[in-house]
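I wanted to go through this structure slowly, one helix, one pocket and two loops at a time. These are my notes from that session.

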Amino acid sequence: MRLLSALLLCFALPLGALPAQAQDFLARLLDKPVPGGVAVVDLGTGAQRPAARYQGRPVLVAKTDGRRWIAVVGLPLTVKPGREQLELADGRTLAFQVDGRDYQEQHITLKNTEQVNPNPANLKRIERELAVQTTAYQQFSPRQPSNLLFDKPVSGPLSSPFGLRRFFNGEERNPHSGLDFAVPAGTPVKAPAAGRVILVGDYFFNGRTVFVDHGQGLISMFCHLSQIGVKVGDELARGAVLGKVGATGRATGPHLHWNVSLNDARVDPSIFIGAFKP
Ligand SMILES: [Zn+2]
């Protein structure tokens, strides 16, 4: 009966109330304060956009319900559950709570053992490639993201979730930093929000890769592409095709691997497409 009245209440909402309602819904949808998740912190009202930092890095600040400012903070997988601090430009700090989340194990067998224990030359290459990719993740452009609730970059089923503790041929390596979609090679990959192409490369682990800066430290990476259709500096509209799905780099078969990064923390992309499962 309570459910029924709640439903009736939903339908009884006047149409004029919907936009503000939707914005609040967005803030609630993004607030997943767990390692590898996102914390939404209320920064109050005010004419000026407040500036905030987490772990010394600028964070995304957006307006909600047309009035309140919120910080949308990326939490790295390495963060421990407990109290964390957001530093405001005026010297104040705001505390927020991080809860725990369990991540499953994934065991993968690779025939190419070089992709498990690379030789010294490849290790040098990997180190070099890691440095350029890290620099890309650390960019912070002032533009406001066109949409915080992302479109899916491909339409297809999700496969490996974010954060899996991965073992290649029995050896533990970095956890899964993104979300995989099981789609055939050649499937067009679309920008989930507008953005600027800031890095394009062909990397040892990630294969053919495109980085898109959506603004305010919100950055997407698309990996293992068979084809790249954009170059650094290109401005992409929401939904623009940037490449095609493939199996380049360390991949057991064609799929799209999509990373989402906020303030240089790789976070669970499922949060941004409303598919988060605690
Ligand atoms: Zn992946």
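The entries below cover a helix, then a pocket, then two backbone angles.

Entry 1, ground rules. I am working with a predicted model, in which local features need pLDDT of at least 70 and side-chain atom pairs count only at pLDDT 80 or more, while totals for chains, interfaces and linings use all residues. I number residues from 1 along each chain as its sequence is written, and side-chain values use heavy atoms, with hydrogens and water left out.

Entry 2, helix α3. I took helices (H or I, at least four residues) and strands (E, at least two) as DSSP runs numbered from the N terminus. Helix α3 runs over residues 120-137, has 18 residues and reaches 26 Å from its first C-alpha to its last, close to the 26 Å expected at 1.5 Å a residue, where the expected span is 1.5 Å times one less than the number of residues. At its start, I found a side-chain oxygen of N119 within 3.0 Å of the backbone nitrogen of A121.

Entry 3, which residues of α3 are buried? I list N122, I126, E129, Q133, A136 and Y137, with buried meaning under 20% relative accessible area, exposed over 50% and partly exposed in between (1.4 Å probe, protein chains only). They lie on the same side of α3, because they cover an arc of only 90 degrees around the axis, the arc being that of the directions from the helix axis to the C-beta atoms. On the other side, P120, A121, K124, E127 and R128 are exposed. The buried residues pack against β13 (195-203), β14 (207-215), β15 (218-225), β19 (256-262) and β20 (265-267), contact meaning heavy atoms within 4.5 Å.

Entry 4, the largest pocket. I noted that 46 residues line the largest pocket, and that the closest to its centre are R166, N174, P175, S177 and N206. Here a pocket is an open set of points on a 1 Å grid over the protein atoms alone, where a 1.4 Å probe fits, with protein on both sides within 12 Å along at least five of seven lines, and lining residues have an atom within 4 Å of a point. Helix α3 gives the most to this lining, with seven residues.

Entry 5, positive phi. N169, in the loop between β9 (165-168) and β10 (171-172), has a positive phi of about 45 degrees although it is not a glycine. N169 is partly exposed, with a relative accessible area of 32%. Q216, in the loop between β14 and β15, is also not a glycine and has a positive phi near 60 degrees, but Q216 is buried, with a relative accessible area of 5%.

Definitions and conventions
Polar contact = N/O pair within 3.5 Å; in protein donor to acceptor, adjacent residues only side chain to side chain.
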